[in-house]
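These are notes on the structure shown below, set out as numbered points. They cover a surface patch, a ligand site, some charged pairs and a few single residues.

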Amino acid sequence: MNGAVPGHALTLERLTKRYGGFTAVVDASLTVEQGQFLTLLGPSGSGKTTILMMIAGFVAPSEGRILLDGRDITVLPPEKREFGMVFQGYALFPHMTVAENIAFPLRVRGLARADRDARVRATLDLVQLTQFAERRPTQLSGGQQQRVALARALVFDPALLLLDEPLSALDKKLRAELQEELKTLHRRIGRTFVNVTHDQEEAMSLSDRVAILNHGKLVQMGGPVELYERPRTRFVADFLGKSNMISARVAEARQGGAVLTAGGTRLVQAMDGARAGEAVLLSLRPERITVLTAGETAENVVDGRIASAAFLGAGHSVTVETADLGRLRVTIPTWQASVAPEEGVPLRLGWSADAAAPVADDEDA
Amino acid sequence: MRERVRSPEGGGGEATEHRRRESAAPSSKAARASGNAGWWMLILPAFLLMTGFYIAPILQVLAISVTEPTVGLDNYERLLTNAGVQRAIVTTLRIGIITTAIALFLGYALSYVIALASPRAQRWWLLGVLVPLWISVLVRAFAWVTLLRRQGLVNEGLRSLGAIDAPLELVWNEFGIVVGMVHYMVPYAVLPMLASMREIDPRLLAAARGLGASRFTAFSRIFLPLSTPGLIAAGVLVFIFSLGFYITPAILGGGKTLMAAEWIKIQILDIVRWGMGTMLATVLVVAILVTLAIFSRVVNLKRVFGAGA
Ligand SMILES: Nc1ncnc2c1ncn2[C@@H]1O[C@H](COP(=O)(O)OP(=O)(O)O)[C@@H](O)[C@H]1O
Ligand SMILES: [Mg+2]
């Protein structure tokens, strides 16, 4: 199945899935390149599992096509696709030992016993479970079960590895550990991974590319940094971390930017294709705002007063009440705060013209 | 309730149930006795009732079998010498095994369909399985006679289709008995099997297929082994029930095929040989207890029957 290139490219073309009158996935198109780690990220019920099940072949798309290296596999049954899959909850076979679970895909492919044993041993080694080979899945911890599921999905050299919320059943500390392991594993074996999660931190830290879903629609796809810094919609900005939303109007369009007004405040903002009079929604990350000291200035300056403050260790999270922009959330790194921020203290805030990103307002979509 | 007591099949069923409880009791008794003594007061009335109405008569049966007509094991010796009783036992075992095999096969297929159906469909299927249990065994046996006799619906239907020239002998023989008994036993086979199939996570089957198994392999490697405890439980249950059938063989066998229960009845009521009748009755009870004892070593008895109820 696998030639010189270990990974395979997967393309979804205008995939739609309807259940009766309800549409679970709408017109989703995307491409995962060879060896890439793609994560489908979205809140619960956004259609992530449905897309993954269509890729795996368990759910037939209502419309659209699925291509593997350009070959149409839309109607291929799951057992012919050669994809490894880690199910939500792992779905380990309870009547088989760890080694038998991992040997299962090789057994159904009719591999000779010696060959099978060697591959199982190598894979047990890869996920560091060698000493648990003869245990039953119920005798393992959650993290170990997750690794068995991973080993079982990888042992037959699948064209693609599909993971449905592989870490969400684990506690926070273990999750961080296994995230690291998963990332290392991906780098080491160079396969194409498609992961599903509702945890934005997991998505950002693991993936080469993230596809954000909401109500069955693919809202935006890109690298983690691009998505965080340049969200295209309000939903993406809100879902990936915290963001200040600023409603403004274009007063004057310029080359590559615009002058905006929000109440009596003038803002300069880098953007394309602004038209005078048009309403604009900006997403401004709390850490892109700086507190200006006397005499300091910035492209955008706003005065305010601290409404509340919380110390978070690495920094202070401060909410500042402003006259025209409402409440702005600001993150001040601990080393920059000369005195502890307190309620009622006046502050001057500043940010550059490219700090904020104009977004479409899709919140009630 | 009265209906069940009057019909020996129902009676046989209840008797088996009592035996089950009895044999399941020792382990739970030990656990509970250490818990609190007040609990014992709660089960005391049930215990007295069981002793009075169930254990005492059984002991009496045992007593008669070693005292009539003379004191000793003469009656039991006949097990080795009397062709009549041997024939009755062999017939009972043969029909019991055939019935169990067919009821298990049909019941397994039915349970499989039910277990994988949508919750709504499951309720209807289950109703369909359980309704026959509420129909008197007499009514069901006579219904089979009307269907299977020489001028019955089946023979007439086949004849009008030109499939046969002369009517088939479908009733008043072992075939008829097996049909009636299988029909009676299928719901009892379905319940324990369905209970164990319902505990199987359907995602395991999807996982198997995703890992490269065909539908058939997913069934044989995953579903079948996981449903085996239910299959064994159903097998034991059905087999034990089949040993005690009376009305169904009496009506559908037409008096030509004698099974143990009817043979006992003939001994006691027709030729008044109480010793022989009670001897075979005792043998039956012992056989059932031994089956259960072996079975309880293999599978957790209480869990299996508890889940089936
Ligand atoms: N078999 C199904 N029948 C009807 N609706 C379904 C079915 N499977 C999923 N859905 C619906 O499709 C939507 C998306 O589900 P899913 O893909 O599981 O979401 P996610 O994995 O993102 O939480 C949900 O609203 C869910 O109720
Ligand atoms: Mg899901």
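1. The nonpolar patch. α7(B) supplies the largest share of the nonpolar patch, namely three residues. This is a predicted model, and the remarks that follow should be read as remarks on a prediction. The patch covers about 850 Å² of surface and is made by W124(B), L127(B), V131(B), W134(B), I135(B), L138(B), V139(B) and F142(B). Two helices of chain B, α6 (119-130) and α7 (137-148), each contribute at least two of the patch residues.

2. W124(B) within the patch. W124(B) sits in helix α6 of chain B. Is W124(B) buried or exposed? Its relative accessibility is 60%, so W124(B) counts as exposed, the cut-off for that class being over 50%.

3. The shell around ligand 1. Which residues lie around ligand 1? They are Y19(A), F22(A), A24(A), P43(A), S44(A), G45(A), S46(A), G47(A), K48(A), T49(A) and T50(A). Sorted by class, the shell holds four nonpolar, six polar and one charged residues.

4. Polar contacts of ligand 1. Oxygen atoms of the ligand come up against three consecutively numbered positions, taken here in turn. For K48(A), a backbone N or O atom lies 2.9 Å from an oxygen atom of ligand 1. For T49(A), a polar side-chain atom is 2.6 Å from an oxygen atom of ligand 1. For T50(A), the distance from a side-chain N or O atom to an oxygen atom of ligand 1 is 2.5 Å. Ligand 1 taken alone exposes 560 Å², and the protein buries 59% of that area.

5. Elements behind the ligand shell. In chain A, β2 (22-32) and α1 (48-56) are the elements that give two or more residues to the shell around ligand 1. The most comes from α1(A), which gives three residues.

6. Salt bridges. How many salt bridges does a search of the whole structure find? The count is 21 over all chains. One of them joins the side chains of D72(A) and R65(A), with an N to O distance of 3.4 Å. Both partners have intermediate exposure: D72(A) is partly exposed at a relative accessible area of 40%, and R65(A) is partly exposed at 36%.

7. A pair between separate parts of chain A. D199(A) and R175(A) form a salt bridge in which the closest N and O atoms are 3.9 Å apart. This pair links distant parts of the chain, with the two positions 24 residues apart in numbering. D199(A) belongs to the loop between β8 (192-197) and α6 (200-206) of chain A, whereas R175(A) belongs to helix α5 (residues 172-189) of chain A.

8. A further pair, and a network. R254(A) and E252(A) also form a salt bridge, and their closest N and O atoms are 3.6 Å apart. R254(A) is partly exposed, with 47% relative accessible area, and E252(A) counts as partly exposed at 37%. Elsewhere, E13(A), R65(A) and D72(A) are joined into one network by salt bridges that share partners.

9. S207(A). This residue is found in the loop between α6 and β9 (209-214) of chain A. Why does S207(A) count as buried? Its relative accessible area is 8%, and buried means under 20%. Two contacts involve its side chain. A polar contact of 2.5 Å joins the side chains of S207(A) and T39(A). A polar atom in the side chain of S207(A) also lies 2.5 Å from the backbone oxygen of A203(A).

10. G180(B). Helix α9 (residues 174-198) of chain B holds G180(B). With a relative accessibility of 7%, G180(B) counts as buried. G180(B) and S227(B) are separated by 47 residues in sequence, and their C-alpha atoms are 26 Å apart in space.

11. Chain A as a whole. Chain A has eight helices and 20 strands. Along the principal axes, its C-alpha atoms fill a box of roughly 75 × 45 × 40 Å. Of the 365 residues in chain A, 51% are buried.

Notes: Residues numbered from 1 in each chain as written. Chains lettered and ligands numbered in written order. Predicted model: local features only at pLDDT ≥ 70, side-chain atom pairs only at ≥ 80, totals over all residues. Heavy atoms only, no water. Near = heavy atom within 4 Å. Polar contact = N/O pair within 3.5 Å; in protein donor to acceptor, adjacent residues only side chain to side chain. Areas by Shrake-Rupley, 256 points an atom, 1.4 Å probe, with all protein chains shown as cover. Helix = DSSP H or I, 4+ residues; strand = E, 2+ residues; numbered from the N terminus. Nonpolar A, V, L, I, M, F, W, Y, C, P; charged D, E, K, R; others polar. Patch = residues over 30% accessible without salt bridge, like charges linked within 9 Å, V, L, I, M, F, W, Y side chains within 5 Å. Salt bridge = Lys/Arg side-chain N within 4 Å of Asp/Glu carboxyl O. Buried < 20%, exposed > 50% of the residue type's maximum accessible area, 1.4 Å probe, protein only.
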